[in-house]
Amino acid sequence: MADEVRVSINSEYDIVTARLKGRDLAAKLGFSSTELVVIATAISEIARNIVQYAKHGEISMSIIQQGSRSGIIITARDKGPGIPNINLAMQDGYSTGGGLGLGLPGAKRLMDEFEVTSKVGSGTTVTMKKWLR
Amino acid sequence: MLVPILKQGDYLIASVQSELSDEDLLKLRDELVKRVGELRSRGVIIDVTALYVMDSFATRTLRAIAHMIRLRGAETIIVGIQPEVAFTMVQLGLKLEGVMTALDLEEGLAYLQTLHTSKRR
């Protein structure tokens, strides 16, 4: 894929880097100023989940084309402990890490498409997309 | 990135200059809670005009700062939340419950002054 941006997530400082790079990539595509904030915030939430639960991981972001529409796809991968119950993790207010429990469900609300796959003991992958209107 | 904290009369003004890491936010919290006592401030304004991401961690920390400052006997007002940021916070489900907000620094200062004039009566 062209224009792929990868950010390795190893500390809380990488959260800021990931959301800045994501915003820059989305800006190239022509998203509105509100959508740029929305995308950067969603990246911030999923990047923090990596730092908090898996310690290390990676976020990759690229521009995608599907028919006549274009958008941004963001994938967060880690080899952390995994999520035992995804349905529970997707509920507002549920957190095992002492947070507000709005990270995953909040990021889902911010994006157009959102998918979590996770296997206990081997890691979690979050894929989210936002389409240009 | 450290957040400069200025003393203006009875008030402290913390102006966020750029994006903040989680640690920067926690440092700001500790610094404000300490200085409000040292300088005997009666109000704190946190200007977040320069912040373009207010995620769940930032919101939780700002809320905690406001509550801690209140326990120290002063009031906190968050000013400068940008329209895009407000939109995103609502979508995410983030609330600044129990925290005062104002449009900008000027409004924030006026708000604090009103609070203290009414308290003196």
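Where is Thr127(A) found? It is in strand 5 of chain A, residues 123–131. Before I go on: this is a predicted model, and what I quote is computed from it.

Let me stay with Thr127(A) for a moment. Setting aside neighbours within four places in sequence, Thr127(A) is in contact with two groups of residues: Ile73(A), Ile74(A) and Thr75(A), and then Glu113(A), Phe114(A) and Glu115(A). Ala40(A) is 87 residues away from Thr127(A) in sequence, and the C-alpha to C-alpha distance is 14 Å.

Also in chain A, there is a charge over a ring. The charged end of Arg69(A) sits over the ring of Trp131(A), at 3.9 Å from the ring centre. Trp131(A) carries the last number in the range of strand 5, 123–131.

Now the interface. How many residues does the contact take from chain B and from chain A? The contact takes 21 from chain B and 24 from chain A. Putting the two chains together buries about 2,100 Å², and carbon and sulfur atoms account for 56% of that area. On the chain B side, Tyr52(B), Glu84(B) and Leu92(B) lose the most area to chain A; together they make up 30% of what that side buries.

Tyr52(B) comes up again in another role. Arg23(A) lies over the face of Tyr52(B), 3.9 Å from the ring centre. As for ring against ring, a search over all chains of the whole structure returns 0 aromatic pairs.

On to the polar side of the interface. There are 4 salt bridges between chain B and chain A. One pairing to look at is Arg48(A) with Asp22(B), whose side chains meet in a salt bridge at 2.4 Å, N to O. The rule for polar contacts finds 12 residue pairs across the interface, both residues at pLDDT 80 or more.

Which helices of chain B each supply at least two residues of the side that touches chain A? They are helix 1 (22–38), helix 2 (56–71) and helix 3 (83–92). Helix 3 of chain B gives the largest share, 6 residues. By class, the side of chain B that touches chain A has 9 nonpolar, 5 polar and 7 charged residues.

Next, the loop that follows helix 3. Glu97(B) lies between helix 3 and strand 5 (100–102) of chain B. Not counting residues up to four places away in sequence, Glu97(B) touches Arg63(B) and His67(B). Glu97(B) and Arg63(B) are 34 residues apart along the chain, yet their C-alpha atoms are separated by 7.5 Å.

Last item, backbone angles. Which residue in the loop between helix 1 and strand 3 (43–47) of chain B should we look at? That is Arg40(B), with a positive phi of about 50 degrees although it is not a glycine. Chain A has a case as well: Lys55(A), also not a glycine, has a positive phi of about 70 degrees. Lys55(A) is placed in the loop between helix 2 (33–54) and strand 2 (57–66) of chain A.

That is the end of my list.

Conventions. Residues are numbered from 1 along each chain as its sequence is written. Chains are lettered from A and ligands numbered from 1 in the order in which they are written. Side-chain values use heavy atoms; hydrogens and water are left out. Contact means heavy atoms within 4.5 Å. Buried area is the accessible area (1.4 Å probe) that two parts lose on being put together, summed over both. A polar contact is a pair of N or O atoms within 3.5 Å; within protein, one must be able to donate a hydrogen and the other to accept it, and residues adjacent in sequence count only if both atoms are side-chain atoms. Helices (H or I, at least four residues) and strands (E, at least two) are DSSP runs, numbered from the N terminus. Ala, Val, Leu, Ile, Met, Phe, Trp, Tyr, Cys and Pro count as nonpolar, Asp, Glu, Lys and Arg as charged, and the others, Gly among them, as polar. Rings of Phe, Tyr and Trp (its six-membered ring) pair if their centres lie within 6.5 Å; planes under 30 degrees apart count as stacked, over 60 as edge-to-face and the rest as tilted. A charge sits over a ring if NZ of Lys or CZ of Arg is within 6 Å of the ring centre and within 35 degrees of the ring normal.
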